[in-house]
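Good morning, and thank you for making time for this presentation. Please have the sequence and the structure open while I speak.

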Amino acid sequence: MKAIHWLRSKQEENELGYWLSFVAYDQQDHSLTNKIYLLYLVIFFFFWFMTVFFFFAKVGGMALSLLNPDQAANTSVTIIWFILACWNLFGLFKSSKRSPIVFSETDQVLVCQTPVNRRALVMRWLWMPWFKNALLFWVLALILGFSTAELYYSGAESTNAIFNYVGFGLRALLQIIPIHLAFYAFQWSVGVLRLRKNDQKNWIMFPVIALGLIPLGILIFDNTFYSLYGSTHLIFFMNPDYINGTASSSLLLGSLSALLMLVLLFSVSRHFNLNRAAQETSELEFLTTAAKYGFTDLVEQRRLQNRLSSKRKFTLPAKHKGSAALSWKNRIQVLRGWNWKQLFPLLTVFSISLGLPLVPGLVSKSLALFFLVLQIGPIMTQRLRSDLACWPILQQLPLRKQQILVQDLISSLPMLLAAGLLGLGFSAILSKTVAINYLFIMPGLLATIACTAAIDVLRKSKRDLLINGTVPSVGTQGVILGVIGTVIPVWLASTFTGLVGILFSTLSSLVITWICYKYAVYSFKNIRS
Amino acid sequence: MANMLEVEEISKQYDGYYAVSPVSFALHQAEIAVITGPNGSGKTTLFSCLTGLIPASSGTVKVAGFDLFEDELEVHRRMASVPDVPRFYTELTAWEHLEFIASANDVEKSEIESRGNKLFKDFGLWEARSLFPHNYSRGMRLKLGLAMAFIRPFDVLLLDEPTSALDVESVDLLIDLLRRFREAGKTILLSTHDQRLIDSLADRRFFIINSLIKEA
């Protein structure tokens, strides 16, 4: 068990190190300056949180006084209870579907195969996820405590008032800690109970959900809930007496509940099946870790793989030869890779094309173009990046780089162009003027964005990394280049009117697209080692 | 006989260190050459340079007289290769990969059907043809990579450790297929640790140790 304890401590240390890295604190650095920096961080965040809590207290106080000015504390308790009850119901549902105790692939090999005491392991594993989960509720409790104080000491500017606010917040926090722990330990008990020995008790979901509905039911069917006075049946658990500082009975009851649930968790963990838990959770842990460290491509790919494996797939017959085969492959990829998230870039194109002729001034137009480039650059290079990730296949195709580039970039163009033209149509209806200039430059703008994004991806690509499937994404340079390439035709379109405007803007758009395309082809042919 | 694969002073350097020291050799038509050597000796780097996956630091590679760096397209029309770890598109099934490679290489639809079916049946992939490669085992992925190389026309075939994850029956099948390719006049260069493959197929043997290549 010592080894397991050591391993878990390392995991907790890494987790803490990850979050501290956001504030540039290095755990490994034991120098005096680093210790002073830590002290500075503590002081800074103390004051920062205090400011935030005071700010929210004003908003929360107003909300509470609107809901129930006479019984603000009761209302706070009801709100906390309602949120806790809903979260608990969701947590119970999750625990009865998948193990709440998450193991990584490494844990699966290093921990789950060992004859370690299951009870000790579960109790050791509990604290880090509980703390991460509880943080949000603690913040909520503090805000509600501060908000309640706001109603009693509103406008008081003395130092004592600050202590009163803090006192309210801390008492609310003290009440929620054991209650949340009790709920959390209960959810874990359910998850552990489901995976005991070799059985997988999936039926556990129904009684457990029924159990989870009880606190919610009491809240909803108790008529006091509707008047937001606080549920009389549950009030003793989170006594609103924290206004007067006499909430010790509810604190005691909460602590006893937490202890009871911890004992329950301890007792049911004896025959917990670690291997099954690891089978259920290692993929989730992998995705969470990958997302945490910014490997979004990997996460997307794994999600796509899971989605494709589970759903029925449609197909398109391969009737084409040569470069048309690439187009066939791209169509299949687009159709199978479709998800609702891809509506956002279409909406962006629609709304920006709608607003572009209407917004005055080049600065506003440039800002709109910046968002357009930022949103659709990655979408337009999706196929190119997918091809680059299969570098050994791509490199063997008897196709010219120009053909590959055109096929890859053009695959998403029709949908985006349609969204753009639709936006211009709506813009014409709203302004009662048809922006012909923009109509002519729209295809060029989208093509320029595609080419500039491709240039950025190709310039940053390295053959040695492409072999392993590592492809860079569109970065800042690509976005800047895209904005520059699109601003010029838009400026011409908005400055000159009539035929001259159409001619200038369309020509400039075509020329810029052509230059960008040529440079993209050059970059494709000369990918670095 | 004509030289189908000509390698002249090819080398690969990383930060002044030779991953592959300058090497020259030529392979004739209907010849099978095998490269062996310990792990990390530079076999995969050499293959990556020969297939154009990474650019060589110096030297030239010619396939049927066409330079890999100057006539890239002509070379890719004549050369097929399978890397040690093949990569696949997430959205395409195994059979669609085969169709894609064959179609891009102008193989007739009827030929794709007949030869593809046979290859998939021989390699034991027929039942799993509509699955995605990410659902395949390592050995199955390697077989799919081989099938994709064999379905298309080629004069020169480069295989990097083609038996590393194959079962005994599949190795037998591969030996048989490669023999038939040789009879059909194809030139094959492969790297392997598999003694059976070396004994059964090698017309010429090369050893690579510490990035230096020598012919046996």
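Across which strands of chain B does helix H1 lie? I should say at once that we are looking at a predicted model. In that model, helix H1 of chain B, residues 43-51, lies across strand E3 (32-36), E6, strand E7 (156-160), strand E8 (187-191) and E9 of chain B. Its direction is at about 150° to E7(B). Helix H5 of chain B, residues 138-151, also belongs in this picture, since H5 lies across E6 and E7 of chain B. Relative to E6(B), helix H5 runs at about 175°.

Let me turn to the sheet itself. Six strands of chain B make up an open sheet, and their order is E6-E7-E8-E3-E9-E10. The pairing in this sheet is mixed. The edges are taken by strand E6 (79-82) and strand E10 (212-215) of chain B; each has a single partner strand, so one side of each is left without a neighbour in the sheet. On average, and with direction ignored, neighbouring strands of the sheet are turned by 15° against each other.

At the E10 end, we can look at one pairing in detail. Strand E9 of chain B, residues 204-209, is joined to E10(B) by four bridges, and the two run antiparallel. Within that pairing, B:Ile209 stands opposite B:Leu212 of E10(B).

Next, chain B as a whole. Its secondary structure comes to seven helices and ten strands. The radius of gyration of chain B is 17 Å, close to the 17 Å given by the globule rule for 216 residues, so chain B is as compact as a globular protein of that length. Taken along the principal axes, its C-alpha atoms fill a box of roughly 45 × 35 × 35 Å. Of the 216 residues in chain B, 50% are buried. As for contacts in chain B between residues at least 6 apart in sequence, 71% join residues at least 24 apart.

Some individual residues of chain B deserve a moment. Is B:Lys12 buried or exposed? B:Lys12 is found in strand E1 of chain B, residues 3-14. There are 24 other C-beta atoms within 10 Å of B:Lys12, and the cut-off for a buried residue is 20 or more, so B:Lys12 is buried. Leaving aside residues up to four places away in sequence, B:Lys12 touches B:Ala19, B:Val20, B:Thr45, B:Cys49, B:Ala56 and B:Ser57. By contrast with those contacts, consider B:Met79: B:Lys12 and B:Met79 are 67 residues apart in sequence and 21 Å apart in space, C-alpha to C-alpha.

Two further residues concern the backbone. B:Asp106 has a phi near 60°, a positive value in a residue other than glycine. This residue sits in the loop between helix H3 (94-104) and helix H4 (109-122) of chain B. With 13 other C-beta atoms within 10 Å, B:Asp106 is partly exposed. B:Glu161 also is not a glycine, and its phi is positive at about 45°. The loop that holds B:Glu161 lies between E7 and helix H6 (168-183) of chain B. B:Glu161 counts as buried, with 22 C-beta neighbours inside 10 Å.

I now move to chain A. Its secondary structure comes to 22 helices and zero strands. Along the principal axes, the C-alpha trace of chain A spans about 80 × 60 × 55 Å. Chain A has 529 residues, of which 37% are buried. Of its contacts with a separation of 6 or more, 78% are between residues 24 or more positions apart. Chain A is divided into domain 1 (29-292) and domain 2 (323-525). The C-alpha centres of these two domains of chain A lie 46 Å apart.

Finally, the contact between the chains. How many residues does each chain give to the contact? Chain A gives 33 residues and chain B gives 29 residues. On the side of chain A that touches chain B, at least two residues each come from helix H11 (296-310), helix H12 (323-336), helix H15 (382-389), helix H16 (391-396) and helix H20 (463-466) of chain A. H12(A) gives the most to this side, with six residues. By class, the side of chain A that touches chain B holds 15 nonpolar, twelve polar and six charged residues.

Terms used
Residues numbered from 1 in each chain as written. Chains lettered and ligands numbered in written order. Predicted model: local features only at pLDDT ≥ 70, side-chain atom pairs only at ≥ 80, totals over all residues. Contact = placed C-beta atoms within 7 Å. Nonpolar A, V, L, I, M, F, W, Y, C, P; charged D, E, K, R; others polar. Rg over C-alpha atoms; globule rule 2.2 N^0.38 Å. Buried ≥ 20, exposed ≤ 12 C-beta atoms within 10 Å, placed from the backbone. Pairing = 2+ DSSP bridges. Axes fitted to C-alpha atoms, helices over the stretch in contact; angles between N-to-C directions. Domains from an automatic or database assignment.
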